[in-house]
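Take a look at the structure below. We'll walk through it one piece at a time, beginning in the middle of things.

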Amino acid sequence: MSKIKIYLDHAATTPVDSEVLKAMQPYFSEKFGNASSLHSFGQEARQAVENSRKTAAKFLNAKPVEIIFTSGGTESDNLALKGIAFANKNRGNHIITSKIEHPAILKPCEWLEKHCFKVTYLDVDKTGLINTEQLEKAITKDTILVSIMFANNEIGTIEPIEEIGKICKKHKIYFHTDAVQAFGKIPIDIKKMNIDLLSASSHKLYGPKGIGLLYIKQDVKIEPITHGGGHESGLRSGTENTSGIVGFAKAIELADKNMKKEAEREIRLRDRIIKEILKIEGAKLNGHGTQRLPNNINVSIKGIEGEALLIRLNDKGMAVSTGSACSTKSLKPSHVLTAIGLTAEQSHGSLRITLGKDNTEQDIDYVLEQLKKIINSLRKISPW
Ligand SMILES: *Cc1c(COP(=O)(O)O)cnc(C)c1O
């Protein structure tokens with residue numbers, strides 16, 4: 001195994017920032033109180049939770065009461081979909097989403113279909129963008145919710161969120177967006193974009209795992225899916241994960257401070273990698289050329305197995321991904337790459353590199369050098 005360790009899989013998860021860890025630590029030891037307790041131990045925890053809520057709200061241009069802390073992106077997506085569906089079933093039973101959503105959206109949608117709801121899965125074009133005219137045409141008198149991801153986790157395509165928000169507002173339909181990949185990387189303003197519900201997850205922006213949030217616009221009708229002691233305005237019962245919440249808020253604060261500069265830096269690295277990889281014979285970029293997350297590179301290389309590439313890169317100390325982390329265990333081609341028109345072969349030849357704040361120019365030199373070497377040697381042994 002190589003001594004070099006270059007992590008290039010930030011769409012799967014990110015390391016906890018040292019400042020985040022430092023902010024969290026007291027809440028595991030001396031500040032261990034239950035935020036629902038009335039004594040000073042509890043009040044200290046309550047204060048920390050409410051300050052964190054303010055930080056998250058401000059970041060989204062929302063109000064603190066509109067932020068519900070959850071266990072992560074998956075729970076936020078489930079609460080948004082099931083919660084809206086069940087609270088509004090007297091108005092209609094139709095939901096619109098896209099074919100390239102994360103499983104945390106697609107699986108709850110499938111489950112809702114088993115419980116008398118109808119779901120339309122919008123197509124995307126070859127760059128991964130939904131068509132807003134198609135969206136508007138899909139709306140019926142029974143439509144209660146549109147859920148379209150802010151940016152895709154596999155190919156990095158950024159959807160036309162502001163336009164979708166306008167359409168939903170015009171038709172008085174709730175608009176939810178899974179913003180897990182966009183949150184902390186590109187500007188999000190829930191007012192300007194007419195977003196009614198938004199999911200985010202801490203571990204995708206240098207915060208701890210197991211904590212996330214759902215923004216729910218005031219007066220949106222939603223049912224809880226977890227019942228108990230009535231925490232989080234009754235929408236998410238369970239003792240607050242104080243240390244996680246504090247860490248998440250710290251991560252948001254840091255993202256807010258550094259976002260613009262870091263995005264510019266990552267875009268430079270991203271575009272350099274894309275340009276170099278596209279010089280390789282048979283290489284093709286997946287996703288959009290410009291409407292793309294600053295840190296996402298997704299390519300297919302003809303005649304090369306993504307998995308073989310991943311293993312060879314790992315041997316040289318580099319961590320990348322092929323397809324999404326969730327689908328790597330199955331041989332089924334990624335549903336996202338299939339939706340943008342890739343063949344099964346192109347899909348299996350895909351490589352995803354997602355950059356992070358610790359990746360340097362020198363890291364990229366090494367990655368590109370090794371990548372070219374590995375592809376050459378794989379081509380020597382492959383029949384292509
Ligand atoms: C990671 C991810 C999720 C799931 O978030 P968890 O906090 O890991 O549950 C949902 N949606 C997208 C787009 C993601 O990238």
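## A pair of strands

V146 has its bridge partner in β6, and that partner is F175. Right alongside, S147 is matched with H176 of β6. These pairings belong to β5 (residues 143-147) and β6, which are joined by 3 bridges and run in the parallel sense. Keep in mind as you look around that this is a predicted model.

So what about β6 itself: is it buried or exposed? Strand β6 covers residues 174-178, and 5 of its 5 residues are buried. That goes for both faces: Y174, H176 and D178 sit on one side, F175 and T177 on the other, and all of them are buried.

## The seven-stranded sheet

Now zoom out. Strands β5 and β6 are part of an open sheet of 7 strands with mixed pairing, in the order β2-β8-β7-β6-β5-β3-β4. Why do β2 and β4 each have one side without a neighbour in the sheet? Both stand at the edges, β2 at residues 67-70 and β4 at 118-122, and each has a single partner strand, so one side is left open in each case. On average, neighbouring strands in this sheet are turned by 20° against each other, ignoring direction.

## Where the ligand sits

Time to meet the ligand. It is surrounded by 13 residues, and the closest are T74, D178, Q181, S201 and K204. You've already come across D178, one of the buried residues of β6. Which helix gives the largest share of this shell? That is α3 (residues 73-87), which supplies 3 residues. By type, the shell breaks down into 8 polar, 3 charged and 2 nonpolar residues.

Some of the contacts can be picked out by atom. S201 has a polar side-chain atom 2.6 Å from an oxygen atom of the ligand. For H203, an N or O atom in the side chain is 2.8 Å from a ligand oxygen, and K204 also places a polar side-chain atom 2.8 Å from an oxygen atom of the ligand. How much of the ligand gets buried? On its own the ligand would expose 380 Å², and the protein buries 87% of that.

## Two loop residues with positive phi

Two residues are worth a stop for their backbone angles. Y206 is not a glycine, yet its phi is positive, at about 70°. You'll find Y206 in the loop between β7 (197-201) and β8 (212-216). Y206 counts as buried because its relative accessible area is 14%, and the cut-off for buried is under 20%.

D219 is another residue other than glycine with a positive phi, this time near 75°. Its loop runs between β8 and α7 (242-277). Is D219 buried or exposed? With a relative accessible area of 75%, D219 is exposed.

## A three-stranded sheet

There is also an open sheet made of 3 strands, in the order β9-β10-β12, with antiparallel pairing. Strands β9 (283-285) and β12 (350-354) are at the edges with a single partner strand each, so each has one side that lacks a neighbour in the sheet. From one strand to the next, the twist averages 25°.

Looking at one pairing in detail, β9 and β10 (residues 296-301) run antiparallel and are joined by 3 bridges. Which residue of β10 is the bridge partner of K284? That would be S300.

Terms used
Residues numbered from 1 in each chain as written. Predicted model: local features only at pLDDT ≥ 70, side-chain atom pairs only at ≥ 80, totals over all residues. Heavy atoms only, no water. Near = heavy atom within 4 Å. Polar contact = N/O pair within 3.5 Å; in protein donor to acceptor, adjacent residues only side chain to side chain. Areas by Shrake-Rupley, 256 points an atom, 1.4 Å probe, with all protein chains shown as cover. Helix = DSSP H or I, 4+ residues; strand = E, 2+ residues; numbered from the N terminus. Nonpolar A, V, L, I, M, F, W, Y, C, P; charged D, E, K, R; others polar. Pairing = 2+ DSSP bridges. Axes fitted to C-alpha atoms, helices over the stretch in contact; angles between N-to-C directions. Buried < 20%, exposed > 50% of the residue type's maximum accessible area, 1.4 Å probe, protein only.
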